[in-house]
Amino acid sequence: MYVVGHCVVTEWSGAFKPNNIYGEGVFPLMFPDYVRCHDWGYERCFDWGRPTLDGLLIYAHILGDWYVHYGGAVHEQKKKGWAYRRMGVYARRYNEFFANATRRGLRDVGPPADSVRGFSHTMVEYTIDTFLARRGEFDSHFAAVRAALGSLGVRDGVGSAEWIDETIRREAIVVNSPDLRADVESFRSRITESNRPEEFAFRAGIKKFGLRSCEQSVEHLCEYIEIGLSEISAEDLSSTVESTAEFVGAWIQRATEGSRREFTWT
Ligand SMILES: [Zn+2]
């Protein structure tokens, strides 16, 4: 999932109040995507330790990704979650997607920048974001989230470059990014370029799949996501979001049980 998916799932989890998410909370919530710390998160996914507010939002992201990739089985990190079960929809079109992108001048000739599995399961995740965006779930939050994440690393306070470093230190996060500053900048610019909720995911795909950053690439992504939306049912998407939210809510609840009073959000 991407920005829209994580925000909506975390909201629906019931573990946070909306104003803990849509505001400065989007910075820790999206932390794993711009500092690349999913592996670190998955390792401690079912024993999060002593939680902080920022840490819990990072945890909510990790839990959402875990469920979509690996399902509800605790500690069993096997690629058999919903995203992998549905990826055939896109795997069948892997060659066509990259060949058409090349033909349209959206990428150079050469091997695709992502594997069949990487491409396909990621497209399934972007389908969740697009589904929610088109249902209007994010409309009232788009402007604020875009403005906030669009200042990542160049603002003061929460979301600043210093805050990112401090959060990595405080939460003892193991970062996978070879160039953290460049990743943060790339994330920020993709957010800023997005003109509507579904574009967040389309532009993430453009980067991941090695396409040129331009409007034609946005249309290219959109064209293929539309195919996914026509082949994966709304009920399936909807119930997946609901069960992911339930999973996130249950584990956040567990992580805060001992310290409920500290986490009565206001
Ligand atoms: Zn993620």
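The exercises below, each with a worked solution, concern a predicted model of a protein chain.

**Exercise 1. Overall build**

Task: State how many helices and strands the protein chain has, and decide how its radius of gyration stands against the globule rule.

Solution.
- Step 1. The secondary structure amounts to 16 helices and zero strands.
- Step 2. The radius of gyration is 18 Å, close to the 18 Å that the globule rule gives for 266 residues, so the chain is as compact as a globular protein of that length.
- Step 3. The C-alpha trace spans about 55 × 40 × 35 Å along its principal axes.
- Step 4. Of the 266 residues, 45% count as buried.
- Step 5. Among contacts with a separation of 6 or more, 76% join residues 24 or more positions apart.

**Exercise 2. The nonpolar core**

Task: Find which residues have the most contacts inside the largest nonpolar core, and which helix gives the largest share of this core.

Solution.
- Step 1. The largest nonpolar core has 76 residues, and Val4, Cys7, Val26, Ala60 and Leu63 have the most contacts inside it.
- Step 2. Helix α6 (residues 53–70) supplies the largest share of this core, eleven residues.
- Step 3. Take Cys7 from the list. Leaving out residues up to four places away in sequence, Cys7 touches Ile21, Tyr22, Val26, Leu29, Phe138, His141 and Val145.
- Step 4. As background, nonpolar side chains in soluble globular proteins tend to be buried together.

**Exercise 3. Two helices in contact**

Task: Classify the packing of α1 and α6 from the angle between them, and say which residues make the contact.

Solution.
- Step 1. The angle between α1 and α6 is about 105 degrees, and their axes are 10 Å apart.
- Step 2. Angles of 65 to 115 degrees count as roughly perpendicular, so α1 is roughly perpendicular to α6.
- Step 3. On the α1 side the contact is made by His6, Val9 and Thr10, and on the α6 side by Ala60, His61 and Gly64.
- Step 4. Sorted by type, the residues of this contact are two nonpolar, four polar and no charged.

**Exercise 4. A mostly covered helix**

Task: Determine how many residues of helix α14 are buried, and which helices they pack against.

Solution.
- Step 1. Helix α14 covers residues 197–208, and ten of its twelve residues are buried.
- Step 2. The buried residues are Pro197, Glu198, Glu199, Phe200, Ala201, Phe202, Arg203, Ala204, Gly205 and Ile206.
- Step 3. Their packing partners are α1 (3–12), α10 (116–134), α11 (142–149), α13 (180–193) and α15 (215–231).
- Step 4. One contact can be given by residue: Phe200 is touched by Val3, which lies in helix α1.
- Step 5. After α14 comes Gly210, with a positive phi near 70 degrees.

**Exercise 5. Buried or exposed?**

Task: Sort Val3, Ile252, Val158, Arg36 and His75 into buried, partly exposed and exposed.

Solution.
- Step 1. The cut-offs are 20 or more other C-beta atoms within 10 Å for buried and 12 or fewer for exposed, with partly exposed in between.
- Step 2. Val3 has 27 such neighbours and is therefore buried. Besides Phe200, Val3 touches Met30 and Val145. The C-alpha atoms of Val3 and Cys222 are 16 Å apart, with their positions 219 residues apart along the chain.
- Step 3. Ile252, in helix α16 (residues 234–256), has 23 neighbours and is therefore buried. Its contacts beyond four places in sequence are Ser13, Ala15, Leu56, Tyr59 and Ala60. Ile252 and Tyr59 are 193 residues apart in sequence, yet 7.7 Å apart from C-alpha to C-alpha.
- Step 4. Val158 sits in the loop between α11 and α12 (161–170); with 17 neighbours, Val158 is partly exposed. Outside four places in sequence, Val158 contacts Glu24, Phe27 and Trp163.
- Step 5. Arg36, with 17 neighbours, is partly exposed.
- Step 6. His75, with 9 neighbours, is exposed.

**Exercise 6. Positive phi outside glycine**

Task: Give the phi value of Arg36 and of His75, and locate each residue.

Solution.
- Step 1. Arg36 has a positive phi, near 55 degrees, and is not a glycine. Arg36 lies in the loop between α4 (31–35) and α5 (38–43).
- Step 2. His75, also not a glycine, has a positive phi of about 70 degrees. His75 lies in the loop between α6 and α7 (82–85).

Terms used
Residues are numbered from 1 along each chain as its sequence is written. This is a predicted model: local features need pLDDT of at least 70, side-chain atom pairs count only at pLDDT 80 or more; totals for chains, interfaces and linings use all residues. A nonpolar core is a set of buried Ala, Val, Leu, Ile, Met, Phe, Trp, Tyr and Cys residues joined through C-beta atoms within 7 Å. Helices (H or I, at least four residues) and strands (E, at least two) are DSSP runs, numbered from the N terminus. Two residues are in contact if their C-beta atoms, placed from the backbone, lie within 7 Å. The radius of gyration is taken over C-alpha atoms; the globule rule is 2.2 Å times the number of residues to the power 0.38. Axes are lines fitted to C-alpha atoms, for helices over the stretch in contact, and angles run from 0 to 180 degrees between N-to-C directions. Angles under 35 degrees count as roughly parallel, over 145 as roughly antiparallel, 65 to 115 as roughly perpendicular and the rest as oblique. Ala, Val, Leu, Ile, Met, Phe, Trp, Tyr, Cys and Pro count as nonpolar, Asp, Glu, Lys and Arg as charged, and the others, Gly among them, as polar.
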